[in-house]
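Please look at the model shown here and work through the questions that come after it.

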Amino acid sequence: MDLRLTFLGTGAGYPTPQRNVTALAVERGRRLYLLDCGEGTLRALQAAGVGYGRLRAVFFSHFHADHCLGLPGLLQTFQLMGRERRLDIYGPPGVKEFVRRAVNLAPFSPTFCTIAHEIGPEAPVTLDGLTVTSAWMDHSVPVLGYRLQEPDQPGHLDVERARRLGVPEGPALGRLKAGETVEGEGGRMVRPEEVVGPGRSGRSLVFSSDTRPNRNVVALAAGADLLVHDSTFTEAHLARAGETGHSTAAQAAATARDAGADTLYLWHFSQRYADPDTHLAEARAVFPATEAAADGLSLELPGKPAAS
Ligand SMILES: [Zn+2]
Ligand SMILES: [Zn+2]
């Protein structure tokens with residue numbers, strides 16, 4: 001199943017002509033999820049050609065304005081479109097009140113149901129086969145970081161080949177697929193690797209919104225395929241990062257390195273920087289597999305073979 005990420009906004013604080021504020025689209029198969037929904041998210045979805053009528057759920061990291069002000073307009077637009085399908089909205093405590101206000105901000109007769117879910121690290125969410133876990137970040141208000149994890153996929157069972165090797169119909173086929181050796185007709189033992197192709201490991205995406213470096217995000221991103229991390233400042237503003245509850249690019253890179261993530265994408269750049277070149281250079285000195293996100297950047301997460 002295709003898994004695609006599109007950065008809709010990569011700036012911190014307020015929008016500029018170059019960068020919108022925070023939002024990230026995750027498309028998995030026909031389903032669309034949003035991670036944060038800053039002002040202008042709807043136009044960014046349109047500009048990126050992401051079919052937003054398919055939106056299934058929104059995950060909010062926190063309720064600072066640059067992460068959430070896009071929701072009221074998005075809900076109004078869905079109402080104009082006559083949306084009927086429910087929309088699930090997840091976030092830290094405060095999400096129910098935020099959604100209630102967003103729905104009541106302007107005269108609005110919803111054609112669809114909006115359901116807010118308060119979640120936290122103790123309550124992982126299972127959604128469309130994805131497991132979404134969260135962890136507390138270190139910011140000036142409570143912030144959740146999220147990990148979206150696909151299940152591992154077993155390899156394909158060659159039923160014809162199994163039959164030829166004498167495996168009887170029925171539960172023996174399921175046991176082979178589950179990795180057990182079974183006895184075929186005539187006493188021949190049939191090993192799963194003879195009839196089951198290679199499996200695929202589930203892909204994992206970790207999204208850390210506003211945060212100082214912390215141990216929780218290292219644990220959340222352990223072995224992740226992709227980590228998207230706060231990179232508000234360069235090292236020249238290290239003290240400012242600590243004061244405001246953010247990270248420098250080099251700190252984000254150290255987190256990716258310590259977590260053993262495959263790839264790091266920097267985002268949430270302070271609007272004081274015209275380009276992310278310094279962020280990128282400082283981060284790559286610590287963790288070479290670093291990229292800088294940009295508004296509209298879209299990437300596919302390839303499938304991967306099972307870990308041996
Ligand atoms: Zn922010
Ligand atoms: Zn914030």
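The questions below deal with one metal site and its surroundings.

This is a predicted model in which local features need pLDDT of at least 70, side-chain atom pairs count only at pLDDT 80 or more, and totals for chains, interfaces and linings use all residues. Residues are numbered from 1 along each chain as its sequence is written, chains are lettered from A and ligands numbered from 1 in the order in which they are written, and side-chain values use heavy atoms, leaving out hydrogens and water.

Q: Which protein donors does the zinc ion (ligand 2) have?
A: Donors are N, O and S atoms within 2.8 Å of the metal (3.2 Å for Na, K and Ca), and sites may look incomplete because water is not among the atoms. Lying 2.2 Å from the zinc ion (ligand 2), the protein donors are His 62 (NE2), His 64 (ND1), His 139 (NE2) and Asp 210 (OD).

Q: Which residue coordinates both the zinc ion (ligand 2) and the zinc ion (ligand 1)?
A: The two zinc ions, ligand 2 and ligand 1, are 3.8 Å apart. The residue that coordinates both is Asp 210.

Q: Is Asp 210 buried or exposed?
A: Buried means under 20% relative accessible area, exposed over 50%, and partly exposed in between (1.4 Å probe, protein chains only). With a relative accessibility of 2%, Asp 210 counts as buried.

Q: Which side chain is joined to that of His 139 by a polar contact of 3.2 Å?
A: A polar contact is a pair of N or O atoms within 3.5 Å; within protein, one must be able to donate a hydrogen and the other to accept it, and residues adjacent in sequence count only if both atoms are side-chain atoms. At 3.2 Å, the partner of the His 139 side chain is that of His 64.
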